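User: I have a fold to look over before I go back to the bench. Please take me through the structure in short answers.

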Amino acid sequence: MADSPSLKSKLAASLPVQQRFVIHHLSTPPSPSAALYSAPPSQIPEKTTCESHFLSVTIRHNDRRIQIFALEVLIYATQDLITLFVSKADSTGYIHLLKLPKGTPSPLRTISSIFITHLVESRQRKDPSKTRANTSSTTEVS
């Protein structure tokens, strides 16, 4: 959606202000894929595309960047249906280096929720014949 806030602004508004996260978002353009769902008997399967989105989160600790989290989402699309599939989500266990106060909401949960919501909102179709180009971005949030 053109008038929706950017991923960077959504993350900056929701993450702890005293921490700095470096976020990398890599994506592929939609490419032909096998159909996710079987076609009814004697019908041709729907044309399906798949695009991949990879989100990587690092922090700075002792002047080094340390990977704390990664998330991969596959987006399958047909003429009438979009399916988001979280393929991989994993933390490295280094989030404790942030020394967040007890009771602070998990930044990993916040980042995951905002990223997936961002992908859903950006897929709300106005013209299903339009596709996205290959993109890559790096965002620092503090």
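User: Is Val-57 buried or exposed, and at what relative accessibility?

Analyst: This is a predicted model. Val-57 lies in strand β3. The cut-off for buried is under 20% relative accessible area. Val-57 counts as buried, at a relative accessibility of 0%.

User: Which residues does Val-57 touch, leaving out those up to four places away in sequence?

Analyst: Leaving out residues up to four places away, the list includes Phe-21, Val-22 and Ile-23. It also holds Ile-66, Gln-67, Ile-68 and Phe-69. Completing the list of residues touched by Val-57 is Ile-111.

User: How far apart in space are Val-57 and Leu-108, C-alpha to C-alpha?

Analyst: In sequence, Val-57 and Leu-108 are 51 residues apart. Leu-108 is one of the buried residues of α2. From C-alpha to C-alpha, the distance between Val-57 and Leu-108 is 8.9 Å.

User: Which residues touch the most other members of the largest nonpolar core?

Analyst: Nonpolar side chains tend to be buried together in soluble globular proteins. Here the largest nonpolar core has 21 residues. Those that touch the most other members are Phe-21, Val-57 and Ile-111.

User: Which element gives the most residues to this core?

Analyst: Two or more residues come from each of α1, β1, β3, β4 and α2. With six residues, the element that gives the most to this core is β4.

User: How many of the residues of β3 are buried?

Analyst: β3 is mostly covered. Val-57 in this strand has 0% relative accessibility. Of the 14 residues of β3, the number buried is ten.

User: Over how many bridges do β3 and β4 pair?

Analyst: β3 has several antiparallel pairings to go through. β1 pairs with β3 over seven bridges, and His-25 stands opposite Leu-55 in β3. Strand β2 pairs with β3 over three bridges, with Ser-31 opposite Cys-50. Thr-49 has Ala-77 in β4 as its bridge partner, and the number of bridges between β3 and β4 is 13.

User: Which residue in the turn between β3 and β4 has a positive phi?

Analyst: β3 and β4 form a hairpin, with two residues between them. One residue in that turn has a positive phi of about 50 degrees: Asn-62.

User: What is the bridge partner of Ala-70 in β5?

Analyst: A hairpin of four residues joins β4 to β5. The two strands pair in the antiparallel sense over nine bridges. In β5, the partner of Ala-70 is Asp-90.

User: What end-to-end distance does helix α2 have, set against the expected span?

Analyst: Helix α2 covers residues 107–122, which is 16 residues. At 1.5 Å a residue, its expected span is 22 Å. The C-alpha atoms at its ends agree with that, at 22 Å.

User: Which elements do the buried residues of α2 pack against?

Analyst: The buried residues of α2 include Ile-111, Ile-114, Phe-115 and Leu-119. At the start of α2, a side-chain oxygen of Ser-106 reaches to within 3.2 Å of the backbone nitrogen of Leu-108. The elements that the buried residues of α2 pack against are α1, β1, β3, β4 and β5.

User: Which residue forms a salt bridge with Lys-10?

Analyst: The whole structure has three salt bridges. In this one, the closest N and O atoms are 2.8 Å apart. Lys-10 lies in helix α1 and its partner in helix α2, so the pair ties together parts 111 residues apart in sequence. Lys-10 is buried, at 15% relative accessible area, and its salt-bridge partner is Glu-121.

User: How many residues apart are Glu-51 and Arg-123?

Analyst: Glu-51 and Arg-123 form a salt bridge, with the closest N and O atoms 2.8 Å apart. Both residues are buried. Glu-51 sits in strand β3 and Arg-123 in the loop between α2 and β6, and their separation in sequence is 72 residues.

User: What relative accessible area does Lys-88 have?

Analyst: Lys-88 and Glu-72 meet in a salt bridge, 3.0 Å from N to O. Lys-88 is in strand β5 and Glu-72 in strand β4, 16 residues apart. Glu-72 counts as buried, at 14% relative accessibility. Lys-88 is exposed, with a relative accessible area of 52%.

Technical notes
Residues numbered from 1 in each chain as written. Predicted model: local features only at pLDDT ≥ 70, side-chain atom pairs only at ≥ 80, totals over all residues. Heavy atoms only, no water. Expected span 1.5 Å × (residues − 1). Buried < 20%, exposed > 50% of the residue type's maximum accessible area, 1.4 Å probe, protein only. Contact = heavy atoms within 4.5 Å. Polar contact = N/O pair within 3.5 Å; in protein donor to acceptor, adjacent residues only side chain to side chain. Pairing = 2+ DSSP bridges. Salt bridge = Lys/Arg side-chain N within 4 Å of Asp/Glu carboxyl O. Core = buried A, V, L, I, M, F, W, Y, C linked by side-chain atoms within 4.5 Å.
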